[in-house]
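Please open the model in your viewer and keep the selection panel at hand. The tour below goes from the whole chain to single residues, one selection at a time.

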Amino acid sequence: MNDDAETGPTVVGVELGGTKAIAVLARGDRILDRLRVPTTEPGSTLGALVERVTGWFAADRAPEAIGIGSFGPVGLDPGRDDYGHVTTTPKAGWSDVDVVGPFSGFGVPVAFETDVAAAALAEGRWGASRGCTDHVYITIGTGVGVGIVAGGRPVHGLVHPEAGHLRVRRRGDDTFSGTCPYHGDCIEGLASGPAIAARTGTPAEALAPDHPVWRDVVAELGELVTSLTLTVSPQRIVLGGGVGAGRADLVEGIRDAVARNLAGYVAGLDDDGIASLVRPAALGHDAGPLGTVAVAQSAAHVPSASPGVSVAVTPQPWESRG
Ligand code: ZN
């Protein structure tokens, strides 16, 4: 597919999602082997992934690095005790779980990111955000997650972006109380798959395209995309995830909402500009796993010069903490 496919290092990627977890062995952007398991409780989920990764190392496939992308919130600062952990997640059983530690015994660098930042990196390297230095990936699925890449690096800072929990302006007749256990009607509480199911009593994927709930969801996602446009000033915002995947009408509706919200204020964002800015994901279900491959590659190439990704080289920070 590109030079990386021929010359890239062999690496392991591990994507921990809210409903499924995937481990891949990859060279460049080519996935050589893959394990997919449901995300249940941490012990069995991580255990199954570690077992497969152990098999790849034992089979002398010589992976040079491991990249992990996890649902969050996660600790990304190697100087903190919560580095490599899922922290305050509402997902039962996963609060304060160390997801990097189980992969630290293979003698190669382990790099860690949020799942959405990893997907953003993949879309930037191989997908819809190619050529962009500043871009956003939004996943709309089990939750609403936002990965932001600025100047080529995933934004971390205080923790990492949590724009899926922004509250947005709503249509006047939309009074749904929302499903987020922390905030109720944040955007995740309004537009995620579980939120749509709670609003309608029907799984999102089973709803007709003309169901009235989509009008509200599109308007609310349009608010999120507008806010991200105004705050991040990205060159591209990519829409991925399982809710509405492949629905061109949803992307079009979100673009229309952004155009109405911006009202011509931002230079270059006429209809064509907004069509260029807001794009469907190009990598589909592979955005997540390929994202962890991108994260791993950044560690395999030059561990000391990949400031955009949290990289721990043996000895790992958690080993020295006692
Ligand atoms: Zn929330």
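How many helices and how many strands are there in the protein? With the whole chain shown as a cartoon, you are looking at a predicted model, and its secondary structure comprises 9 helices and 13 strands. The radius of gyration is 19 Å, close to the 20 Å that the globule rule gives for 322 residues, so the protein is as compact as a globular protein of that length. If you turn the view along the principal axes, the C-alpha trace spans about 55 × 40 × 35 Å.

**The two domains**

Next, select residues 10-115 together with 287-320 and give them one colour, since the domain assignment lists these two segments as domain 1; then select 128-281, which the assignment gives as domain 2. The centres of the two domains, taken over C-alpha atoms, are separated by 27 Å, and where domain 1 and domain 2 touch, 14 residues of domain 1 and 10 residues of domain 2 take part in the contact.

**The interface**

Stay with the boundary between the two colours and consider what is buried there. Domain 1 and domain 2 bury about 920 Å² between them, and 63% of this area lies on carbon and sulfur atoms. On the side of domain 1 that touches domain 2, the residues divide by class into 7 nonpolar, 6 polar and 1 charged. How many salt bridges are counted between domain 1 and domain 2? The count is 0, whereas 3 residue pairs, with both residues at pLDDT 80 or more, are in polar contact across this interface.

**A salt bridge**

The structure as a whole holds 16 salt bridges, and a good one to display as sticks is the pair of Asp 185 and Arg 167, whose side chains meet at 2.9 Å, N to O. Both Asp 185 and Arg 167 are in the loop between β10 (153-154) and α4 (187-191), and the pair, 18 residues apart, links distant parts of the chain.

**Two backbone details**

Now select Gly 72 and Pro 73 and show the backbone atoms: the peptide bond that joins them is cis, with omega about 5°. Pro 73 is found in the loop between β4 (66-70) and β5 (85-86).

For the last stop, follow the chain to the loop between β5 and β6 (97-98), where Asp 96 is placed. Which sign does phi have at Asp 96? Although Asp 96 is not a glycine, its phi is positive, at about 60°.

Definitions and conventions:
Residues numbered from 1 in each chain as written. Predicted model: local features only at pLDDT ≥ 70, side-chain atom pairs only at ≥ 80, totals over all residues. Heavy atoms only, no water. Domains from an automatic or database assignment. Contact = heavy atoms within 4.5 Å. Buried area = accessible area lost by both parts, 1.4 Å probe. Salt bridge = Lys/Arg side-chain N within 4 Å of Asp/Glu carboxyl O. Polar contact = N/O pair within 3.5 Å; in protein donor to acceptor, adjacent residues only side chain to side chain. Nonpolar A, V, L, I, M, F, W, Y, C, P; charged D, E, K, R; others polar. Helix = DSSP H or I, 4+ residues; strand = E, 2+ residues; numbered from the N terminus. Rg over C-alpha atoms; globule rule 2.2 N^0.38 Å.
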